[in-house]
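Q: Could you take a close look at one part of this model, the sheet in the first chain, and then connect it to what surrounds it? A careful, continuous account would suit me best.

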Amino acid sequence: MRPGRAAALLLACVAPLLMAQAEPILVPEVSQSRIEVRQGFTGANLLLYGAVIAPPGSRDKYDIVVVLKGPTEAVRIREKDRIAGIWMNAAATDFRSAPSFFAVASSRPVREIVDERTAAIYELGTDFIQLSPSGQIDPEEQARFAKGLVELRRRQGLYQEDPKGVRISAGVLYQARINLPSNVTTGRYTAETFAIARGRVLASATAQIEVEKVGLEGSVVAAAQRWSFVYGLGAIALSLAMGWVAGRLFARG
Amino acid sequence: MDVYLPIANLSVNGLYIVLLGGLTGILSGLFGVGGGFLTTPLLIFYGIPPTVAAASAATQVTGASVSGVIAHSRRNGVDYRMGTVMVGGGVIGALIGAVLFRLLQSLGQIDVVINILYVLMLGSIGALMMREAIGALRPSLLGQSAPPVRKRRHHPLVASLPYRWRFYASGLYISPLAPLILGMLVGILTMLLGVGGGFLLVPAMLYILGMSGNVVVGTSLYQILFVTMVTTMTHALTTKAVDLVLAALLLLGSVLGAQFGTQIALKAKPEYLRLALAALVLLIALRMLYGLGVQPDEIYTVTPL
């Protein structure tokens with residue numbers, strides 16, 4: 001096949017794609033698809049970047065919103081109250097799918113990009129996390145607990161919102177930086193990128209990031225969970241040995 | 001120096017943890033107490049989850065008491081018979097403690113119970129020690145002669161218990177139920193609070209059991225050594241909250257600190273030392289009482305289901 005014909009064939013294949021849809025093409029990349037938690041881990045700085053290519057003839061200016069979500073878990077939120085002069089846990093409520101990590105970065109404040117309904121559908125903000133409450137409690141109380149959870153995790157650096165976190169250059173290339181603190185949960189993280197114009201989500205793409213404990217740290221956790229008895233013996237042996245060695249060393253000196 | 005703690009699941013300044021271990025080590029060298037009562041609350045203040053703090057502190061106390069037991073056994077300062085009875089009680093107590101821990105955890109009240117127990121325990125022990133220390137200091141300050149030494153004898157309640165055994169090293173003929181129950185109570189505290197319970201055991205052995213003074217510290221260390229070992233294992237099997245990296249850092253600090261503490265103890269006057277310990281214990285109790293009464297920074301807590 002001559003090069004000229006190959007190019008023509010390729011164009012013939014791609015052309016309908018470009019012309020038929022008025023949707024932009026989103027090409028996302030992640031700086032690391034694997035984050036290793038090992039000794040000395042103080043957190044990771046994740047770079048999410050890529051390009052958004054407008055279809056021909058479109059004059060849309062795109063906004064980019066990136067949502068990075070950690071593995072979800074079922075949690076119980078407890079609320080402290082003053083009982084007989086002492087602050088102790090009183091009311092509680094359960095959420096079946098609280099993400100262990102949730103970060104939203106956008107090129108402008110999300111409120112200026114989409115309306116509240118769209119933001120809620122795509123979970124574009126910590127106010128819109130779908131927590132799946134369980135049990136029968138009135139919605140007002142649920143909202144209070146959800147707010148408490150978000151506020152707590154925001155202070156721990158686990159829930160983040162950065163309305164200027166995405167930089168778009170030349171209307172095509174975008175990049176976002178998201179900080180993972182050292183207290184992140186391990187597991188599979190998903191990074192969703194949305195290209196938005198005229199208040200509508202026009203394209204989205206997903207990338208996976210694996211956060212794993214490796215090396216000594218990985219083995220310590222695995223041992224504590226799987227071989228609890230041996231792990232306990234190890235902890236006892238370590239403390240006995242260290243106490244004994246120190247006693248001997250200083251007794252002579 | 002950043003160190004990642006795999007079980008606590010966060011990164012801490014390793015130097016800080018070693019220093020904290022060192023501080024409790026100095027105390028243990030100075031006063032002959034394990035120092036767990038200081039480690040657990042300070043770790044919690046630092047942001048370590050309470051369960052991990054209590055479990056890892058228990059591991060640290062094991063290491064801190066090893067050299068003490070060896071030293072005391074060399075000069076016949078351990079009543080093994082009494083110690084073994086108390087260890088038996090301690091093991092039962094640790095198991096009861098584990099059940100209580102689980103129950104309180106599921107009720108969501110473990111943290112407040114830990115705090116209240118600390119306030120009660122430290123407050124009462126601190127007040128007792130303070131009274132005794134001031135009483136011992138007053139004659140020397142006012143130039144009077146020391147008050148007559150109280151005759152050693154056990155509490156009437158202990159005498160009423162059946163099945164008496166002879167404990168030669170302690171110079172006692174009492175029911176083994178008394179040390180068994182004492183060991184059990186301390187075992188429960190060890191499991192819940194991560195403390196060795198030395199500063200609870202020593203006065204109880206002196207004033208309730210009426211043991212002879214030269215075996216009190218050695219026997220208490222002997223009981224603490226074994227009960228903290230059992231506690232570490234119980235935590236490893238049930239809460240899975242023993243953080244080896246955290247425990248190793250604490251141990252490093254405390255075994256070194258203990259040597260400095262022993263050096264200082266040789267030079268300082270024991271009455272002033274006891275006064276200082278009493279003041280420290282009362283200070284921590286007051287801080288924790290204050291913590292219970294004021295509105296905490298975090299109203300909400302999250303626990304996985």
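A: **The open sheet of chain A and its surroundings**

In chain A, six strands are arranged as an open sheet of mixed pairing, and their order across the sheet is β2-β13-β12-β4-β7-β9. The two edges are formed by β2 (34–37) and β9 (159–162) of chain A, each of which pairs on one side only. On average, and with direction ignored, neighbouring strands of this sheet are turned by 15° against each other. This description, like everything that follows, rests on a predicted model.

At the β9(A) edge, the pairing can be followed residue by residue. Strand β7 (residues 102–106) of chain A runs parallel to β9(A), and the two are joined by four bridges. Within this pair, Ala103(A) is placed opposite Gln160(A) of β9(A).

The other edge leads to the domain division. Chain A is split into domain 1, covering residues 19–213, and domain 2, covering residues 214–247, and the C-alpha centres of these two domains of chain A are 37 Å apart. Contact between the domains of chain A involves six residues of domain 1 and six residues of domain 2. On the domain 1 side, at least two of the touching residues come from β2 of chain A and at least two from β13 (200–213) of chain A. By class, that side of domain 1 of chain A consists of one nonpolar, one polar and four charged residues.

A further group of paired strands in chain A is centred, for this account, on strand β11 (residues 173–180). Strand β3 (residues 44–53) of chain A pairs with β11(A) in the antiparallel sense, over eight bridges, and Leu48(A) is found opposite Ala176(A) of β11(A). Strand β10 (residues 166–169) of chain A is likewise antiparallel to β11(A), with four bridges between them, and here Ile168(A) has Tyr174(A) as its bridge partner. β10(A) and β11(A) make up a hairpin with three residues between them, and in the turn Ala170(A) adopts a positive phi of about 55°.

The two faces of β11(A) are not alike in their surroundings: Tyr174(A), Ala176(A), Ile178(A) and Leu180(A) belong to the covered face, whereas Leu173(A), Gln175(A), Arg177(A) and Asn179(A) belong to the uncovered one. Such a pattern fits the rule that side chains in a regular strand alternate between the two faces of the sheet. Both of the β11(A) bridge partners named above, Ala176(A) and Tyr174(A), are listed on the covered face.

Taken as a whole, chain A contains six helices and 13 strands. Of its 253 residues, 31% count as buried. Among the contacts in chain A with a separation of 6 or more, 72% are between residues 24 or more positions apart.

Chain A also meets a partner chain. In this interface, 46 residues of chain A are in contact with 45 residues of chain B. On the chain A side, the elements that contribute two or more residues are β5 (72–83), β6 (86–99), α4 (139–155), α5 (215–226) and α6 (228–252). Of these, α6(A) gives the largest share, 15 residues. Sorted by class, the side of chain A that touches chain B has 24 nonpolar, 14 polar and eight charged residues.

Strand pairing also crosses between the chains, since β5(A) and strand β5 (residues 300–304) of chain B run antiparallel and are joined by five bridges. In this pairing, Arg76(A) lies opposite Thr303(B) of β5(B).

One residue of the helix with the largest share may be picked out. Phe229(A) is located in helix α6 of chain A, and it counts as exposed because it has 10 C-beta neighbours inside 10 Å, where 12 or fewer is the limit for that class. From Gln130(A), Phe229(A) is separated by 99 residues in sequence and by 39 Å in space, C-alpha to C-alpha.

The partner itself, chain B, has eleven helices and five strands. Its C-alpha atoms fill a box of roughly 55 × 45 × 40 Å along the principal axes. The radius of gyration of chain B is 19 Å, which agrees with the value near 19 Å that a compact globule of 305 residues would have. In chain B, 51% of the 305 residues are buried, and residues 24 or more positions apart make 79% of the contacts with a separation of 6 or more.

Note on methods: Residues numbered from 1 in each chain as written. Chains lettered and ligands numbered in written order. Predicted model: local features only at pLDDT ≥ 70, side-chain atom pairs only at ≥ 80, totals over all residues. Contact = placed C-beta atoms within 7 Å. Nonpolar A, V, L, I, M, F, W, Y, C, P; charged D, E, K, R; others polar. Pairing = 2+ DSSP bridges. Rg over C-alpha atoms; globule rule 2.2 N^0.38 Å. Buried ≥ 20, exposed ≤ 12 C-beta atoms within 10 Å, placed from the backbone. Axes fitted to C-alpha atoms, helices over the stretch in contact; angles between N-to-C directions. Domains from an automatic or database assignment.
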